[in-house]
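Thank you all for making time this morning. I would like to walk through one structure slowly, one region after another, so please keep the display open while I talk.

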Amino acid sequence: MFVGMAGTFIACKKSDNLATPTISYVRVTKPESSDSLLIGAGQGQLIAIIGNNLQDAKEIWFNDQQARLTPSYITSTSILVSVPAVIPATVTNKIRIIFKNGYELLYDFKVQISKPVVTSMASEFVNDGDVATINGNYFYEPLTVTFTGGVTGNVVSRKDQQLQVQVPAGAKPGPITIKTNFGEVTSTFWFRDTRNHIIDADPHEGWWSTYLITNPDPAKGDPAKISGNYYRYKKQVKAWVWDAPEVAGGAAADMPNHSKNIPDDAILNPAGYNVKFEINTLKPYNKNRIILNVGLIAEDNDGYVWQPPYDTKGQWSTVTIPFEDMVASYKTKPVVSTSGYWSRILIFGGDDLDADICFDNLRIVPKK
């Protein structure tokens, strides 16, 4: 009887060794959450692979990255393993387990690596051939940057939170799309945004043209155009002295091509909009006040104050101001007007300022 029982035991053992390994499911390792099944996991996350005949596993791969196996974490029915933290170059969305006898077992499983996130551009207006800076996150190679118009930019440099891309010929106004192996995202902002411009000098309108630049002169230090004409405010500003402080703008009747460009919805729902403009500080904006009037029926010399300091060091940069912040600062709240709105950029305040600041493309655009 003893010999017979021993023979039965050995036969079963041999049968187990020859049995095909299988995976039933993958779950989290916390006992209190052991019924939480997974179809994917993040980089570095510890998971439990549950199945049968798993004891002879010698390698485990997630996509093309090998995970570290700990023998004491391997049994016939489970493997505890951490998802590799290294970004895969080839994405298969598979777990691949290699056993001692050479058998390979595949199981559908995604390593959850974030798709790209795009938050802003250093300047939303960049000329063809120049380098645009895109801010965001998860810019994992390989990646492509596609501009509206279907043209792709050349990536000059890459960090996890910033891309520098050479703008290709044929790039048109509109969102940009960034694609990696882990997904793609289209920006909520527009490159070279043409929407709802209220001061942009194309054409020049309003009461003040002193600071209008139509033909930049490098000998005078004029920056290159990024979007047609612009305004360069260069003067010694004295504290509280009203000496031609207006950069650009005017009454609605004197700006027929721009004053009606503010959507009614922006006046009714300011939280859904941003006010943007491009600025180039040839000298630092470190004192005094830049005052903006957007969406008003009449001028307001206090308006919304965009406070210093700000210094672009001679480069064009996009400034973004939530319109609800602007509206909250107004003494008189905006109301919908069918005849247009008063708009102005003004520099006036309680400090002397050696000002040399360029402005372009004051606009109000949806946040999404």
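In this predicted model, four strands come together in an open sheet whose order is β5-β4-β7-β8, and the pairing in this sheet is antiparallel. At the edges stand β5, covering residues 65–66, and β8, covering residues 104–108, and because each of them has a single partner strand, one side of each is left without a neighbour in the sheet. If we follow one of those edges inward, we find that β5 is joined to strand β4, residues 57–62, by two bridges, with the two strands running antiparallel. To put residues to that pairing, Phe62 has Gln65 in β5 as its bridge partner.

Let me stay for a moment with the loop between β4 and β5, which is the place of Asn63. Asn63 is not a glycine, and yet its phi is positive, at about 55°. Is Asn63 buried or exposed? Its relative accessible area is 8%, which is under the 20% that serves as the limit here, so Asn63 counts as buried. Another residue with a positive phi of about 55° that is not a glycine is Asn196, and you can find Asn196 in the loop between β16, residues 183–186, and β17.

Now to strand β3, residues 46–52, where I would ask you to look at the surroundings as well as at the strand. Five of the seven residues of β3 are buried, so this strand is largely enclosed by the rest of the structure. What pairs with β3, and in which sense? Strand β1, residues 22–28, runs antiparallel to β3 and is joined to it by six bridges, and within this pairing Arg27 has Ala48 in β3 as its bridge partner. Strand β6, residues 78–82, also pairs with β3 in the antiparallel sense, over five bridges, and here the bridge partner of Ile47 is Val81 in β6.

Further along the chain there is another open sheet, made of four strands in the order β20-β25-β22-β23, and its pairing is antiparallel. Its edge strands are β20, residues 246–250, and β23, residues 304–306, each of which pairs on one side only. Neighbouring strands of this sheet are turned against each other by 15° on average, if we ignore direction. Strand β22, residues 290–296, is joined to β23 by three bridges, and these two strands run antiparallel, with Ile291 standing opposite Val305 in β23.

Leaving β23, we come to the loop between β23 and β24, residues 317–322, where Pro309 has its place. The peptide bond that joins Pro308 and Pro309 is cis, with an omega of about 5°. A cis peptide bond also joins Asp202 and Pro203, where omega is about 0°, and Pro203 sits in the loop between β17, residues 197–199, and β18, residues 212–213.

Pro203 brings us to the empty spaces, since it is one of the residues that line the largest cavity, together with others including Asp200, His204, Tyr231 and His258. How much space lies in the largest cavity? The value is about 30 Å³, and the residues of its lining divide into six nonpolar, two polar and two charged.

The largest pocket holds about 350 Å³ of space. It is lined by 18 residues, and those that lie nearest its centre are Ser123, Val126, Val131, Gln315 and Trp316. Which strand gives the most to this lining? That is strand β11, residues 131–137, which contributes three residues, while the lining as a whole divides into nine nonpolar, seven polar and two charged residues.

I will end on a single residue, Gly183, which lies in strand β16. With a relative accessible area of 24%, Gly183 falls between the limits of 20% and 50%, and is therefore described as partly exposed. Leaving aside residues up to four places away in sequence, Gly183 touches Lys115, Pro116 and Ile178. The C-alpha atoms of Gly183 and Leu143 are separated by 9.8 Å, although these two residues are 40 residues apart along the chain.

Conventions: Residues numbered from 1 in each chain as written. Predicted model: local features only at pLDDT ≥ 70, side-chain atom pairs only at ≥ 80, totals over all residues. Heavy atoms only, no water. 1 Å grid on protein atoms, 1.4 Å probe; cavity = no way out; pocket = protein on both sides within 12 Å on 5 of 7 lines; lining within 4 Å. Points joined across faces, edges and corners; volume = space filled by probe spheres on them. Nonpolar A, V, L, I, M, F, W, Y, C, P; charged D, E, K, R; others polar. Pairing = 2+ DSSP bridges. Axes fitted to C-alpha atoms, helices over the stretch in contact; angles between N-to-C directions. Buried < 20%, exposed > 50% of the residue type's maximum accessible area, 1.4 Å probe, protein only. Contact = heavy atoms within 4.5 Å.
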